[in-house]
Each structure stands twice: as structure tokens, then as C-alpha cells.
Amino acid sequence: MSNDTTSVKPIKIQGFTPLLSVFNMPASVRFYRDLLGFDLIETSEAPEKPDNFKWARLGLNGTELLLEPRGEKTCPKPATAHDWLERHDMSIHFGCSELEHVYQYLQSNGVDVTVPSSTSYGYKALYVRDPDGFPLVFHWPEA
């Protein structure tokens with residue numbers, strides 16, 4: 001094998017779909033589908049209970065997300081958006097230019113969300129947690 005990488009084409013990635021293992025599949029499906037507007041693209045066989053799939057693939061404007069249930073039966077204390085600094089080892093960032101609308105929409109639906117603010121990397125962002133405490137960031141470059 002040659003060490004000359006100049007003639008090797010880079011990998012052509014054509015998508016990115018994070019997989020989240022969730023404690024409450026129906027609550028997570030409802031959060032991403034009904035609240036954030038994702039479409040249910042594909043699921044395991046028909047569930048016995050509504051939205052209680054063995055796995056689900058959701059999509060919104062070219063963004064995809066996979067959900068699968070965790071083995072544990074109980075969810076730890078739900079994290080709030082304000083717990084953001086306590087655990088920052090993984091987050092999902094959504095590009096979104098309408099941060100004030102997102103803030104008002106989520107807040108009016110009872111979701112604990114931070115006020116949009118400037119980041120250290122030149123974006124304006126708001127932070128929220130999904131039903132399992134996964135940190136979600138909605139952000140957009142500041143002008």
C-alpha cells in the first residue's frame with residue numbers, strides 16, 4: 001500500500017444520521033415528529049402500541065435521525081436545557097435561522113429552552129434537551 005494519498009479520492013459522504021437510544025420511544029417519536037416537525041420515514045414492523053417502534057428513522061429537510069429504545073425500563077431524572085454545562089460530551093446541532101421563532105414555539109409548548117444568545121464561535125444559539133436529555137442546539141451564524 002502506497003503512502004501517497006494525493007491520488008486517493010476522499011470518501012464521498014452523502015448523509016449523516018445519528019442514532020439515539022431512548023428510554024421512552026413514544027415520547028421521543030412525539031417530540032421529534034409532532035413538536036420539531038420531523039417526518040416518520042421508516043419504522044420497524046407495526047407496533048402494538050402507538051409510536052412504540054423497535055426503531056424509527058425520521059427526517060426533516062434532508063436531516064435524518066434514528067431512534068431505538070434502550071434496554072433499561074426507567075429514565076433517569078430528566079435533564080433541563082439549563083443543565084447544559086454539566087454534560088457536554090455529545091450534542092446535535094441544527095442549523096436554523098429563525099431562533100426567536102424556535103424559542104417562542106418551544107417555550108409555548110412547555111419545553112425548557114434557553115434564550116437565544118451569542119456563542120464563542122460567532123453563532124447565535126439556543127439550547128434544549130429532548131425527552132432523554134440529549135442536548136440539542138439550534139444555531140445560526142451572527143451577521
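The following exercises, with worked solutions, concern strand S8 and its surroundings in a predicted model.

**Exercise 1.** Determine which strands are joined to S8 by bridges, how many bridges there are in each case, and whether each pair runs parallel or antiparallel.

*Solution.* Begin with strand S5 (residues 92-95), which four bridges join to S8 in a parallel arrangement. Within this pairing, Ile92 has Leu136 as its bridge partner, while Gly95 has His139. Then turn to strand S7 (residues 123-129), which seven bridges join to S8 with the two strands running antiparallel; here Leu126 stands opposite Phe138.

**Exercise 2.** Describe how S7 and S8 are connected, and state which residue in the turn has a positive phi.

*Solution.* The two strands form a hairpin, and five residues lie between them. In that turn, Gly133 has a positive phi of about 90°.

**Exercise 3.** Establish the order of the strands in the sheet, identify its edges, and find which helix packs on the sheet.

*Solution.* The sheet is open, has four strands in the order S5-S8-S7-S6, and shows mixed pairing. Its edge strands are S5 and strand S6 (117-118), each of which pairs on one side only. Helix H2 (residues 99-108) packs on this sheet and touches both S7 and S8, with a direction that makes about 20° with that of S7.

**Exercise 4.** Is strand S8 mostly covered or mostly uncovered?

*Solution.* Take residues 135-141, which make up S8, and apply the cut-off for a buried residue, namely under 20% relative accessible area. Five of the seven residues are buried, and the strand is accordingly mostly covered.

Notes: Residues are numbered from 1 along each chain as its sequence is written. This is a predicted model: local features need pLDDT of at least 70, side-chain atom pairs count only at pLDDT 80 or more; totals for chains, interfaces and linings use all residues. Side-chain values use heavy atoms; hydrogens and water are left out. Buried means under 20% relative accessible area, exposed over 50%, partly exposed in between (1.4 Å probe, protein chains only). Two strands pair if DSSP finds at least two bridges between them. Contact means heavy atoms within 4.5 Å. Axes are lines fitted to C-alpha atoms, for helices over the stretch in contact, and angles run from 0 to 180 degrees between N-to-C directions.
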